[in-house]
Amino acid sequence: MAELGPLWHERHQAGLASRPRKRALGAGAKHRLVFVDRLLATLVHLRHGATHDVLACWFDVDRSTITRAIGEVRPLLAERGCTVGPGLRLRTLAEVVDHLGAGGETGIVDGTEIRVRRPAAGRKDRDKFISGKSKQNAVKSMVLTDADGRILFCSPSKPGSCADITHARQSGLVELLDNGPAVEILADAGYQGLGTQTGGRVVTPPHRKFKKNAPDWYEEMYERQRKAHSSRRIRVEHGIAHLKNWRALTRHLGRREHMSHTVQAVAGLLSHQQTADLISARQR
């Protein structure tokens, strides 16, 4: 409340002053839904997936009021970034790479898909939301965590047909790692090829050299290396699982254009709680 309240009030006043008026600012009907209730409605919607109609009944306002409130508060939550320490937040991918490099930490990257509504018939880009992996209409986001599985970054969403490695390249991860500090980033087989482009900073599972009739010694070595890599990068799966505990990310029923703000808002809220739990555990 203390952090977002002034930002919301400032943007609200700027919106009122940006258009011609016949009455002074502050005149007219007052808000029935104060900022505290607007923030609470947004958090309930993100955490439990309650529809706007249900929230309107709970707060005794019109559905359009809830829709407008969530549309105002959700971008503010998304702009907060991910908390990694008291008073320290990461908002861009460049800040995340610099943070990992300064601390000599290992990052873990992976992509996650979120089901969305099927685009209307006749849209020329209707098929680009179909995921080749899940065979469903989805959007995809790239999640970056530290070695403990704490969320550090969640990228804006892309259509489900976008490959993980393409998403990483379009997000600028390759340029940041190639020109930035020496950082180790663990990734799955979907990112194979980035290791060469980043000077070995992206570590992926070993390539399988034998397609058929592999020697026993090679099968044993390959499985050992694959399991060792998988055990190191499993924490990013735990981080994504915590994200999916928020009902807004299990299946999104709203507009696909809002998914970037939704996933970034949830990532920021979750990282804040994870950091608080980690500090509390260290103090104990």
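Two helices count as oblique when their angle falls outside the bands for roughly parallel (under 35 degrees), roughly antiparallel (over 145) and roughly perpendicular (65 to 115). With that in hand, here is a friendly tour of two helix pairs in this predicted model. One pair is α2 with α3, and the other is α9 with α10.

**Helices α2 and α3**

- Helix α2 covers residues 35-48 and helix α3 covers residues 52-59; they pack at about 140°, and their axes lie 11 Å apart.
- An angle of about 140° is not over 145 and not within 65 to 115, so α2 and α3 are oblique to each other.
- The crossing of α2 past α3 is right-handed.
- On the α2 side, the contact uses Asp37, Leu40, Ala41, Val44 and His45, while α3 brings His52, Leu55, Trp58 and Phe59.
- Sorted by class, the residues of this α2–α3 contact are 6 nonpolar, 2 polar and 1 charged.

**Helices α9 and α10**

- Helix α9 spans residues 216-244 and helix α10 spans residues 259-283; their axes come within 10 Å and cross at roughly 115°.
- That crossing angle makes α9 roughly perpendicular to α10.
- If you look at the handedness, α9 and α10 cross in a right-handed way.
- From α9, the residues Gly239, His242 and Leu243 meet Val266, Ala267, Leu270 and Gln274 of α10.
- The α9–α10 contact holds 4 nonpolar and 3 polar residues, with no charged ones.

Note on methods
Residues numbered from 1 in each chain as written. Predicted model: local features only at pLDDT ≥ 70, side-chain atom pairs only at ≥ 80, totals over all residues. Heavy atoms only, no water. Axes fitted to C-alpha atoms, helices over the stretch in contact; angles between N-to-C directions. Helix = DSSP H or I, 4+ residues; strand = E, 2+ residues; numbered from the N terminus. Left-handed = near helix turned anticlockwise from the far one by under 90°. Contact = heavy atoms within 4.5 Å. Nonpolar A, V, L, I, M, F, W, Y, C, P; charged D, E, K, R; others polar.
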